[in-house]
Amino acid sequence: MRRGVYECLRCGHREVMDSTEPLLEGACPKCGGDMILIGYVDEEGPGAKKQPMKAPSNVPQVLPQEVESLLKKFYSLQPLGEEGGTFVFSVLEIHEKDFEKVLHELEEKGYWAALKRDGERVLLYIFPAAEVKPDNPKIGIALFLLTVLSTLWAGYVLARSYIASLDEFGLPGYRNPYVIALAFSLSILGILGTHEMGHKIAATLHGVKSTYPYFIPFPNILGTLGAVIRVKSPIPTRKAAIDLGVSGPIAGILVAIPVTVIGLRLSVVVPMSIVPHTGNEFYMGSNLLFMFLEKLALGSAASGDVMVFLHPVAMAGWVGILVTFLNLIPAAQLDGGHVARAFMNARNHEYLTLALGFGLMFLSYFWVGWLLWGILVLFIGKAGNPGALDEVSPIPTSRKLLALLALLLFVVSATPAPFYTG
């Protein structure tokens with residue numbers, strides 16, 4: 001009995017299945033991703049008879065001539081076999097260094113490709129491209145409108161608290177809660193939206209199909225749980241993986257920095273001696289970047305024994321910096337995880353994800369929320385990170401420098417205790 005050996009396009013999980021179809025959509029038992037056929041095994045059980053495999057009627061057993069011509073233009077190949085529509089070749093020589101160009105031209109013919117190492121060999125897999133279904137834009141629009149309302153409400157609550165601080169200490173300042181709420185909403189949506197659009201633009205430039213940002217409304221102090229985009233086709237190269245991982249945090253921080261500075265200039269600074277203490281005060285933690293911006297915006301006013309009551313716009317900027325840090329954690333399929341995966345194989349990145357997950361749980365000594373984050377990282381880490389389709393081509397120096405920039409941004413935005421009382 002002949003059975004297919006499949007590999008998940010999303011998490012890299014391999015499994016023998018009772019099928020020889022070239023692509024099994026949503027069949028991965030670990031993450032629910034699509035599985036592609038990469039080989040087959042013959043098994044004989046009691047009473048089993050070895051039978052020739054029947055070819056699927058809807059899959060060609062030879063590549064179309066136009067696809068073969070493309071492959072000859074790009075590579076010198078030695079055929080190794082075909083099973084269920086997946087064609088495997090040993091690569092003798094690479095003529096076209098730009099794998100994205102190869103993938104783009106193959107996709108126009110209805111095929112995808114993967115370039116992998118197998119010991120000393122370089123293997124090329126050619127298989128039918130999966131259908132990418134269009135999105136329903138009404139869902140994204142509805143979620144955005146709900147997030148606008150929820151962030152306006154959160155901004156209003158924060159504005160009332162800020163105005164109360166002005167009144168308590170008899171300080172001058174703008175006191176219209178509706179305008180402040182609008183400023184907060186625009187700030188938080190601008191930071192999160194720019195972050196996700198950075199990913200969207202990078203994906204488009206590399207030919208990766210993805211959705212537009214989905215905002216997530218939530219009735220908390222911020223009015224949202226953030227925003228996400230969904231990648232709907234494989235990442236072609238390690239260069240593209242780094243660009244997709246870094247683009248969001250860099251785009252978001254470029255908005256978060258000026259928002260933070262403006263918010264800090266609007267914040268209330270008072271001597272600590274006049275602030276009553278009960279021992280149950282709620283504080284927002286800091287990081288190297290926020291401390292630098294605080295000195296830049298407030299100057300000598302932030303020196304000495306003082307308390308800074310953050311304006312809601314400053315809180316939006318602070319959240320933007322924290323979001324940058326959280327996304328750059330080099331685990332699983334977080335933004336930092338895509339960057340780290342570009343430099344290591346799937347197994348080593350899995351070990352790194354496990355170490356980071358448990359490490360975050362130990363950090364719950366500083367903030368109990370890290371316990372939840374550690375569990376979340378371990379949970380999403382089960383799906384792994386499949387990496388790029390091309391894991392053979394070298395990473396350009398420019399992308400190595402970009403990865404170092406991401407590492408620097410991760411360090412300066414690191415916030416060991418985002419919230420604490422005292």
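Is V179 buried, exposed or partly exposed? Select V179 in this predicted model, and you will find the residue in helix α4; with a relative accessible area of 41%, V179 counts as partly exposed, because that value falls between the 20% below which a residue is buried and the 50% above which a residue is exposed. If you then add E15 to the selection and draw a C-alpha to C-alpha distance, the two residues turn out to be 57 Å apart in space, with their positions 164 residues apart in sequence.

**The whole chain**

Zoom out before going further. The C-alpha atoms of the chain fill a box of roughly 90 × 45 × 40 Å, taken along the principal axes, and the secondary structure comes to 11 helices and 14 strands. Of the 422 residues of the chain, 48% count as buried.

**The hairpin of β7 and β8**

Next, select residues 111–118, which make up strand β7, and colour them by accessibility: the strand is mostly covered, since six of its eight residues are buried. Y111, which lies in β7, has a relative accessible area of 6% and is therefore buried. In space, the C-alpha of Y111 is 9.8 Å from that of T86, although the two residues are 25 apart in sequence.

Now extend the selection to residues 121–128, strand β8, which runs antiparallel to β7 and is joined to it by eight bridges. To see how the two strands are matched, centre on R117, which stands opposite V122 in β8. The two strands form a hairpin with two residues between them, and in that turn G119 has a positive phi of about 70°.

**Helix α3 and the second largest pocket**

Move on to α3, residues 137–169. How far apart are the end C-alpha atoms of α3? They are 48 Å apart, which agrees with the span of 48 Å expected for its 33 residues at 1.5 Å a residue. The helix is followed by G170, whose phi is positive, near 60°.

With α3 still highlighted, turn to the second largest pocket, in which about 960 Å³ of space lies. Of the 31 residues that line this pocket, the closest to its centre are Y283, M307, V308, F309 and L310, so that selection makes a convenient starting point. Several elements give two or more residues to the lining, namely α3, β12 (282–284), α6 (288–298), β13 (306–309), α7 (312–327) and β14 (419–421). Among these elements, α3 gives the most, with six residues. Coloured by class, the lining of the second largest pocket shows 23 nonpolar, four polar and four charged residues.

**Helix α7 and the largest nonpolar core**

Keep L310 selected, and add F184, I188 and L264: these four residues have the most contacts inside the largest nonpolar core, which has 47 residues. At least two residues of this core come from each of α3, α4 (177–205), α5 (238–265), α6, α7, α10 (369–381) and α11 (397–413). The element that gives the most to the core is α7, with 10 residues. In soluble globular proteins, nonpolar side chains tend to be buried together.

Isolate α7 and consider the helix by itself. It is mostly covered, with 14 of its 16 residues buried. At 1.5 Å a residue, those 16 residues should span 22 Å, and the end C-alpha atoms of α7 are indeed 22 Å apart.

**A332, in the loop after α7**

From α7, step into the loop that leads to α8 (335–341), where A332 lies. On a backbone torsion plot A332 deserves a check, for its phi is positive, about 45°, although the residue is not a glycine. A332 counts as buried, because its relative accessibility is 1%, which is under the 20% cut-off.

**The cavity**

The last stop is an enclosed space. How many cavities of 30 Å³ or more are there? The count comes to one, and the volume of the largest cavity is about 30 Å³. To display its lining, select I235, A241, H338, R341, N385, G387 and A388; by class these residues divide into three nonpolar, three polar and one charged. Rolling a probe the size of a water molecule over the atoms shows where empty space is left.

Terms used. Residues numbered from 1 in each chain as written. Predicted model: local features only at pLDDT ≥ 70, side-chain atom pairs only at ≥ 80, totals over all residues. Heavy atoms only, no water. Buried < 20%, exposed > 50% of the residue type's maximum accessible area, 1.4 Å probe, protein only. Helix = DSSP H or I, 4+ residues; strand = E, 2+ residues; numbered from the N terminus. Pairing = 2+ DSSP bridges. 1 Å grid on protein atoms, 1.4 Å probe; cavity = no way out; pocket = protein on both sides within 12 Å on 5 of 7 lines; lining within 4 Å. Points joined across faces, edges and corners; volume = space filled by probe spheres on them. Nonpolar A, V, L, I, M, F, W, Y, C, P; charged D, E, K, R; others polar. Expected span 1.5 Å × (residues − 1). Core = buried A, V, L, I, M, F, W, Y, C linked by side-chain atoms within 4.5 Å.
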